[in-house]
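Please open the structure in your viewer and keep the sequence panel visible beside it. The tour below proceeds by selection: each stop states what to select and then what is found there.

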Amino acid sequence: MRVRWPPPSYPLAGLIALVAVLPVVVLVTLVGDAPDPFSPYNLKVLLNTVVLMALTVLGSVLIGVPLALLTAYVEVPWRRVWLVALAAPLALPSYIGAFTFYAAFGPGGEIETLTGLSTPSLDGMFGAALVMALYTYPFVLLTTRASLCSLDASQVNAARTLGLSLPMSLWRVVLPRVRNGIAAGALLAAMYALSDFGTPAIMRLDTFTRVIFVEYNAFGLSQAAMLSLQLLSIVGLVLYLESRVKTPHELPGRSLSIWPSRRQSVALFAAVAPIVLLAIALPLAVFGIWLWRDGAEGFELAYAWNSAYAALLAALVAVVLAVPVAHAAMSGRAGRLMERLTYLGFGVPGIVMGTALVYLGLKLPLLYQTLALLVLAYVLRFLPLAVGAVRSTSERIDPKLVNAARTLGASRGEAFRRITLPLTLRGIVAGGALVFLEVMRELPATLLLGPTGYETLATYLWRVYEAGYFGRAAVPGLLLILISALGLVLMLSGEARGGRSVLEDNRR
Amino acid sequence: MKLEVRDLGVSYGATPVVRDLNFTLDGDDILMLVGPTGCGKTTILQAVAGLVPIECGQIQLGDRRIGAADHVPPEKRHIGMVFQDFALFPHLSVAQNIGFRLSNQAPVNHWLNRLGLEPLREARPERLSGGQKQRVALARALAHEPSLMLLDEPLSSLDASLKDVVRWEIRDALKEAGVPAIWVTHDQAEALSVGDQVGVLNAGRLQQVAPPEHCFGRPANRFVAGFLGEASFVPGQFGGGVAKTALGSAPAMMADSDVATEVDLLVRPDDLELTQASASQGQGEISWSRYEGGTRLYRVALDEGGSVRVRVNHEQSLPPGQRVVLRINATEPLTAFPRA
Amino acid sequence: MRRRQFLQTLAAGGVVGALPAGLNTVFAADASEAVSVEDLPPIEGELTLYLGRGEGGLYERVLDAIRKRNPKLELGVRRGPTAALANAIVAEGRANVRRADLFWAVDSGAIGVVEEAGLARDLPADISAQLKLGFRYEAWAPVTGRIRTLPYNPTRLSAEQVPDDVMALADSSLKVGWAPAYASFQSFVTAMRLDRGDQATRDWLKGVKRHAKSYAGELGVVMGVERGEVDLGFANHYYTLRLKAGKPDANVALAFTNNDAGCLVNASGILALGENPAAVTFIRYLLTREVQSYLAEEAYEIPLVDGVAMPQGLPPLASVQPPKIDLTQLADLRPTLDLMRDAGVL
């Protein structure tokens, strides 16, 4: 259906986009003279940044897409547990991962100390890209899986009767149609790679964020702001490229079920296990060793509650705000632009963004350093995670269903609430999960904007890591993963049941 | 509720899709809108339902007048619609679909029973067969007690054996509900058999609206004549209520109020008699024959040019190339069109 | 053992008269010179502290002990990267919103930024009088010191092979680990700049760069030395001491240069924002012999009041002869960064 009247989501989406872009506007006001970003040395840095981003995207897609197919289509026992375990790396800050990798591998590393096996050192571009890919592939996994689940995959069976093998059928019949979902996840991985500081620093790779960080730490806030804005030019390019990825609209249909034999299940498990081992088990094991060596002290369970509570609030608010933005993005060019604007903040290094949010928060002195403002800051920072997931699912809804509801007498609003919303639930859940996990590991905004004395798992982890008391990172690290897994389980059970229950009490 | 459509026009961007549409519908009449693919049938339904904005003209629904400037949203129109692929809500059960906006379960139960859906009450749409989906879609629309029903090719995704049964089920259900209905189809047999009125569309314009017999027997133009059935045109001269052709004379009337002496006479396959002829006799020879069960259809290439189709009893079997004698054998006056 | 006694001492208030035996022996030499918590009035009311870097519960333990001793004190603590907290304080100052009463920073540079913005209040003269000479300032109080060291791997070279002149490292053939992006390293380069001038510093940076390996932080440097990735490195002293505390057989030892930037003593510091008198009392608590000796023993930081022993594993401050430099001058990082970029190390 072609609509002539202005899409109803525009005013709200416009307002949200405006608020989301405010921190970037604050950066502009903080700008002073910056060192020349294109000196020969910085050109090398720029190249490193772009290569790291490209390798991260490549790695996260190579890991994330097969895992999405696996978790969406293959009927293995304990399917949901697999999904939860595979999405869990999203909860661990990548600097923690990078640090444990660095400590575990190489001569004199923990692996050699423990087993006597010598392993090659993990650092530089390869190490950074590996760690980044391991901690960003869940972006691709979750967005791609959401698209796969709402895709009519019966054509796979058609392709197989035409003589294509199953992998080839997936490759040629399914994947081209979920390019949107893959691209949405890859975009997030790219932005993460662009804005993360910890991983390249620990892997001793010079990237743009490091230049920014040096300026920031040398009290050159204005220079750091300027460089961050320059970094945004790469972000803008990536955003543009991602928006060029288009797949034709199609109707949702029956999903695919693949029943592996027992042997195949074991083989799949063997293929997937190394990823979980590397991304989750290794850091926890290394922390475990240190825990055993140093002992844990000073940890309070309240930190875990603080983390989960704030993350849950932020996830809820983010998905509520993401819905109109996603809707606007599908309604026209102006809406598309609004949606793109919400992504900008995600590409700014966290500590610079945190300071920009401090300036913004100080405009509301009553709310400054309250939980409400902290949640708002999380939402501003991570809104694109929710928007991307909601949009890629909404795009798959048959517009005829809304028409049907309206001819039955439902207003635009009611049709949205009772048809579009429940059918978008998968995307909303995936988006909420992404925000939840990302908030769980968020650091700078939590440190600067949380209520005074508000300690979360991430801030505690950072505190002990910074001071070199690594053993104490084990308990919060484990809890971080545990709570994130719990959150994922809750959300996934919502995904399974969500369709039915929304509607019972909603009658005329 | 009475529906009156006046000078309706709908465009997609700069492309006009429907132009100068006029018709009236009342009582419990079923209007069959028929036409080739892409002629604007579905667009008309969407415009009446309020799902696309109209560009010009008026739609009068009962005492409510809708124009290009005063749009009424679809949910305010009390119109029921059955979509081509049914548009059942995949996340709701059959009963929840049918009772989508109803607080009272009585109509839900009524239509579940009436259409034999009771055993499927809790089923999800994905588990239903095509015919079952069709019935659910119909029940959903009717249970909401619309003042007007719109059906968009309701039988197109059913298999042939089911089509005939469901066709009459729908008609009976509509008659029971007692509301006027617009039923879009591209199948002329469906259009002629079910409708109280038939409207033939071509390229966004309505060619003729009339009872089925009238449309078939007195088509307003050659397009309507050809679209609704096998039509052959035999050249001849018209005068005094009689048309003279190489195949004999027959009572005839001019289509519309045209006046002409040189005409093409519309001849249906059943209007002709065919007999075997020897090599030097007859008006033409058989180019092919098709066995249809109770009957047999021949195409005969005429000596004077052109061809006609003739339907005869199946017992007579003639090979291609056979010379034949043709005679017009019509008791009702045939329709004549001015020679182009 | 020590830890528990420390807590008891601070928490016990006036009830316990004598120091426990363990602490007594530590202070045996000249305990009389440092103020004891026993001599201080209690702190009351609300107090918000911005704490740059948490130091893994050690500063925390100090704070807990102060809380315990002062039940009427409501102490709120905000932790964060030092530069980020300094920026936040400056932003709050511009918006006329004051949330912090105190700013305790691991880095004297951050102290300089807040001081320069005119947000720090002058401290009573008797506070600076408690501090060692060279660590007395008007508007802030150094709390503990850290000394620049050369951690080296004793399996790869002997103590005699480590030069005692930092400038000599430019031409040496030793494999060196450093962390140019690390704030303490930049302070060290700033000190060298003030000491020897820009040209000599640039040459030195270029010289060392030829045989240097970069790390993200100085903990990384020390771990790199221990793993034998490099022969020696540049790092604050406590990373080595803490590493050895967790892993006593670690292959790393400390060496010091003599009277140059290579053995610069920098300090963490605290300043008071606004007029809350409790803030000043709080600062006094940090300068007591109990807190100072605790930080020395557990965090391996260098006490800056007279009469508290150096952490184990470090020679007495007097024997290393650090250069005389005004620490607030180290906040002037801009020329240092330009110079480091110019030399291609940043």
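**First stop: a helix in chain A.** Select residues 94–104 of chain A, which form helix α4; 11 of its 11 residues are buried, so this helix is largely enclosed by the rest of the structure. The model in view is a predicted one. Colour the buried residues of α4(A) one by one: A:Ser94, A:Tyr95, A:Ile96, A:Gly97, A:Ala98, A:Phe99, A:Thr100, A:Phe101, A:Tyr102, A:Ala103 and A:Ala104. Next, move along the chain to A:Gly106, which follows α4(A) and has a positive phi, near 90°.

**Second stop: the whole of chain A.** Extend the selection to the entire chain. How many helices and strands does chain A have? There are 23 helices and zero strands in chain A. Of the 508 residues in this chain, 56% are buried. Consider also the contacts in chain A between residues with a separation of 6 or more: 84% of them join residues 24 or more positions apart.

**Third stop: where chains A and C meet.** Now display all the chains together. Which chains share the most contacts? Two pairs of chains touch, and the pair with the most contacts is that of chains A and C. Here 43 residues of chain C are in contact with 42 residues of chain A. On the chain C side, select β2 (73–80), α4 (82–94), α5 (108–116), α7 (183–196), α9 (218–226), α10 (237–246) and α14 (334–342), each of which supplies at least two residues to the side that touches chain A. Highlight α4(C) in particular, since the largest share of that side, seven residues, comes from this helix. Colouring the side of chain C that touches chain A by residue type gives 19 nonpolar, 13 polar and 11 charged residues.

**Fourth stop: chains B and C.** Select these two chains together. Do they touch or stand apart? Chain B and chain C do not touch, and their nearest C-alpha atoms are 48 Å apart.

**Last stop: the two domains of chain B.** Select residues 3–222 of chain B for domain 1, and residues 232–338 for domain 2. The C-alpha centres of these two domains of chain B lie 38 Å apart. Their contact takes six residues from domain 1 of chain B and five residues from domain 2 of chain B. On the domain 1 side of this contact, the residues divide into two nonpolar, two polar and two charged.

Methods:
Residues numbered from 1 in each chain as written. Chains lettered and ligands numbered in written order. Predicted model: local features only at pLDDT ≥ 70, side-chain atom pairs only at ≥ 80, totals over all residues. Contact = placed C-beta atoms within 7 Å. Helix = DSSP H or I, 4+ residues; strand = E, 2+ residues; numbered from the N terminus. Nonpolar A, V, L, I, M, F, W, Y, C, P; charged D, E, K, R; others polar. Buried ≥ 20, exposed ≤ 12 C-beta atoms within 10 Å, placed from the backbone. Domains from an automatic or database assignment.
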